[in-house]
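Subject: Structure handover and notes

Dear colleague,

I am passing on the structure we spoke about, together with some notes on how its helices are arranged. Please look through the sequence and the coordinates before reading on.

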Amino acid sequence: MNVVRKLNVRDIVFVGMLAAMCTIATTIKVPFGVGAMVHLGSAFLYTTGIIFGGVYAGLAGAIGSAFYDIVMGFSPYTLWSFAIKGIAGLIVGLVAKGLWPEASRNSKMTGTQLMIRAFFACVLAALWTLAGYILAWWYVTGSLTTAIANIPSSLMTSSAGLIVALILGPKLRKILGQ
């Protein structure tokens, strides 16, 4: 398997579609507890990484999250989201699947092995995202206290994303033959 390859038209179309879906998923808010809300952007990003690998998930997460920030008026976070979510997608995909969609298509990985890899991939990506956004919040607001106060909502969103991705990812991967 060639690790380094150029993006072809099919890749670009898939990444564009996945980026649009990432933007939409981030707009979907789910009530969680008393007054708290989580979005499904992380769930989509983690699921994409499990199914399609690091390149697709990284590019879709970077483009989709940055576009969400621009459209929804969070422009101070656009570059932060591009980097943070792009690397988070790359982490999930690389650990759970490989770099490219065809990376582990012929592997003999069992369902249990896939679940373990997917779980650790999502946890690593969640920790990266948390650390990245703590820096982003601190930089944008100028307040470390505000950054620290946002930790619970980030952890709730990542946890919801992990649960959804562990339910959907392996099943969709099998259905799609990935």
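What follows is a walk through several helices and a few single residues.

Please keep in mind throughout that this is a predicted model.

I begin with helix α2, which covers residues 41-52. This helix has twelve residues and reaches 16 Å from its first C-alpha to its last, close to the 16 Å expected at 1.5 Å a residue. It is mostly covered, since twelve of its twelve residues are buried; among them are Phe44, Leu45, Tyr46, Ile50, Ile51 and Phe52. The residue that follows α2 is Gly53, and its phi is positive, near 95 degrees.

Two neighbours of α2 deserve a closer description, and the first is helix α1, made up of residues 9-27. The axes of α1 and α2 come within 7 Å and cross at roughly 150 degrees; because angles over 145 degrees count as roughly antiparallel, α1 and α2 are described as roughly antiparallel to each other. On the α1 side, the residues that meet α2 are Phe14, Leu18, Met21, Cys22, Ala25 and Thr26, while α2 contributes Gly41, Phe44, Thr48 and Phe52. Sorted by character, the residues of this contact of α1 with α2 divide into seven nonpolar, three polar and no charged.

The second neighbour is helix α4, residues 78-96, which packs with α2 at an angle of about 40 degrees, the axes being 7 Å apart. The two helices, α2 and α4, are therefore oblique to each other, and their crossing is right-handed. In this contact, α2 supplies Ser42, Leu45, Tyr46, Gly49 and Ile50, and α4 supplies Lys85, Ala88, Gly89, Val92, Gly93 and Ala96. The residues of the contact of α2 with α4 divide into six nonpolar, four polar and one charged.

Turning to α4 in its own right, its 19 residues should span 27 Å at 1.5 Å a residue, and its end C-alpha atoms are 26 Å apart, which agrees. The buried residues of α4 include Thr78, Ser81, Ile84, Lys85 and Gly86, as well as Ala88, Gly89, Val92, Gly93 and Ala96, and the buried residues of this helix pack against α2, α3 (54-71), α5 and α7. Gly98 follows α4 and has a positive phi, near 130 degrees.

Is every side chain in α4 covered in this way, or where does one find an exposed one? Leu79 is in helix α4, and at 71% relative accessibility Leu79 counts as exposed. For a sense of distance, Leu79 and Pro31 are 48 residues apart in sequence and 27 Å apart in space, C-alpha to C-alpha.

The pairing of α4 with helix α5 (residues 111-141) is of another kind, in that their axes come within 8 Å and cross at roughly 165 degrees. That makes α4 roughly antiparallel to α5, and the crossing of α4 and α5 is right-handed. The residues of the contact of α4 with α5 divide into 22 nonpolar, three polar and two charged.

Some single residues are also worth a look.

Asp11 is found in helix α1 and, at 1% relative accessibility, counts as buried. Leaving aside its neighbours within four places in sequence, Asp11 is in contact with Arg5, Lys6, Tyr56 and Trp100.

Ser154 belongs to helix α7, residues 151-175, and at 10% relative accessibility Ser154 counts as buried. Apart from neighbours within four places in sequence, Ser154 is in contact with Leu130 and Trp137. Ser154 and Ile175 are 21 residues apart in sequence and 30 Å apart in space, C-alpha to C-alpha.

Val164 also lies in helix α7, where Val164 is partly exposed, with a relative accessible area of 28%. The C-alpha atoms of Val164 and Thr47 are separated by 7.8 Å, although these two residues are 117 residues apart along the chain. With neighbours within four places in sequence left aside, Val164 is in contact with Ala43, Thr47 and Gly169.

With best wishes

Definitions and conventions:
Residues numbered from 1 in each chain as written. Predicted model: local features only at pLDDT ≥ 70, side-chain atom pairs only at ≥ 80, totals over all residues. Heavy atoms only, no water. Axes fitted to C-alpha atoms, helices over the stretch in contact; angles between N-to-C directions. Helix = DSSP H or I, 4+ residues; strand = E, 2+ residues; numbered from the N terminus. Parallel < 35°, antiparallel > 145°, perpendicular 65-115°, else oblique. Left-handed = near helix turned anticlockwise from the far one by under 90°. Contact = heavy atoms within 4.5 Å. Nonpolar A, V, L, I, M, F, W, Y, C, P; charged D, E, K, R; others polar. Buried < 20%, exposed > 50% of the residue type's maximum accessible area, 1.4 Å probe, protein only. Expected span 1.5 Å × (residues − 1).
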